[in-house]
Structure formats: structure tokens, C-alpha cells
Amino acid sequence: MVFFVGDAYSRKQIYEQCGGSLQTYLPCKDGVVVAACLTVEMNPQAPCIILCGNGPGVRQAGEWLVSQVRPIPVFIKNINRQWIFQGYFEVVESFVDSADCAPYLQGAGRNQESTSRVVRLRLV
């Protein structure tokens with residue numbers, strides 16, 4: 001399957017193409033983040049900004065994402081619960097310091113304690 005920008009996909013289709021997990025927003029396979037499946041409620045500046053949570057799995061996925069060179073397909077969930085393909089994105093920079101993260105957390109309903117890292121992406 002080839003993803004087309006603006007087209008809708010199910011999580012099952014994304015999983016079948018990319019691997020990883022059907023549930024996490026940063027599915028990983030063999031230590032590599034294979035996609036980003038984001039909601040605007042949790043990531044209001046998506047697809048260019050990802051707010052990584054503070055749980056152990058998400059924290060690890062964020063670390064893997066910023067260390068990899070390979071671009072990832074990014075999807076945003078719409079009101080019909082479909083995942084709209086935004087394109088392939090690569091990491092530009094990452095922030096873990098609370099002062100650097102703070103501007104990106106405004107309007108996200110999240111605070112520094114619930115966020116392990118902010119990842120800035122760019123379309124490739």
C-alpha cells in the first residue's frame with residue numbers, strides 16, 4: 001500500500017503497512033518509530049509538533065524517534081475516527097528542558113510533568 005496525502009486510512013491499514021502497534025500513537029518496531037498517529041486534542045500543533053507523554057513506552061518511543069534518520073508517515077485522526085495521511089516527516093529538533101517545552105504546551109491541556117519531550121518535525 002502506498003499512502004496518499006489527504007486520504008483516510010484505518011489503524012489496521014497503517015499497521016499492516018508499517019508494523020508496530022495498533023494502539024500507540026508512536027508505533028515502534030525493533031527500536032524504530034514506524035509512524036505517528038496523532039490527535040489534535042493531544043497534539044494541537046500536529047503534524048509539525050509531537051508532544052511525547054511521560055509513560056515509559058512513550059518516553060522510549062520519543063527517544064528512538066529523535067535518534068533515527070528515517071522519515072515517518074504522519075497521520076491525524078479526523079472527526080470520523082479516520083486517520084488522514086499528512087505526508088512523511090523527519091525530526092528537526094527535540095526539547096526536554098521545561099523552559100524550551102513550555103511554549104509548545106500552551107493550549108494542549110498538558111503540562112511539563114505529563115510531557116517527556118517535544119519533537120519538532122518537517123515535511124520531506
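**Close-up views of salt bridges and strand pairing**

**View 1. Lys12 is exposed, and Glu16 is likewise exposed.** In this predicted model, the side chains of Lys12 and Glu16 form a salt bridge in which the closest N and O atoms are 3.9 Å apart, a separation that falls within the 4 Å limit used for such a contact. Both residues belong to helix H1 (residues 11–18), where they are 4 residues apart, or about one turn of the helix. The salt bridges counted in the model come to 3, and the pair formed by Lys12 and Glu16 is one of them.

**View 2. Arg122 forms a salt bridge with Glu90.** The closest N and O atoms of this pair are 2.7 Å apart. Because Arg122 lies in strand S8 and Glu90 in strand S7, the contact ties together parts that are 32 residues apart in sequence. Arg122 has a relative accessibility of 43% and therefore counts as partly exposed, and Glu90, at 21%, also counts as partly exposed, since the buried class is reserved for values under 20%.

**View 3. Arg120 and Glu93 meet through their side chains in a salt bridge.** The N to O distance here is 2.7 Å. With Arg120 placed in strand S8 and Glu93 in strand S7, the pair ties together parts that are 27 residues apart in sequence. Arg120 is partly exposed at 29% relative accessibility, and Glu93 is partly exposed with a relative accessible area of 30%.

**View 4. Strand S7 (residues 83–95) is joined to strand S8 by 6 bridges.** The strands S7 and S8 run antiparallel, and within this pairing Ser94 stands opposite Val119 of S8. The strands shown here are those that hold the partners of the preceding views, with Arg122 in S8 and Glu90 in S7, and with Arg120 in S8 and Glu93 in S7.

**View 5. Strand S5 (residues 49–53) pairs with strand S8 (residues 115–123).** The pairing is antiparallel and extends over 5 bridges, and Leu51 stands opposite Val118 of S8. Strand S8 thus appears in this view beside S5, as it appears in the preceding view beside S7.

**View 6. Model confidence is given for the protein and for its elements.** The mean pLDDT of the protein is 93, and 99% of its residues reach 70 or more. Among the elements, strand S6 (residues 72–77) has the highest mean pLDDT, at 98, whereas helix H3 (residues 98–105) has the lowest, at 90.

Key
Residues numbered from 1 in each chain as written. Predicted model: local features only at pLDDT ≥ 70, side-chain atom pairs only at ≥ 80, totals over all residues. Heavy atoms only, no water. pLDDT = per-residue confidence, 0-100. Helix = DSSP H or I, 4+ residues; strand = E, 2+ residues; numbered from the N terminus. Pairing = 2+ DSSP bridges. Buried < 20%, exposed > 50% of the residue type's maximum accessible area, 1.4 Å probe, protein only.
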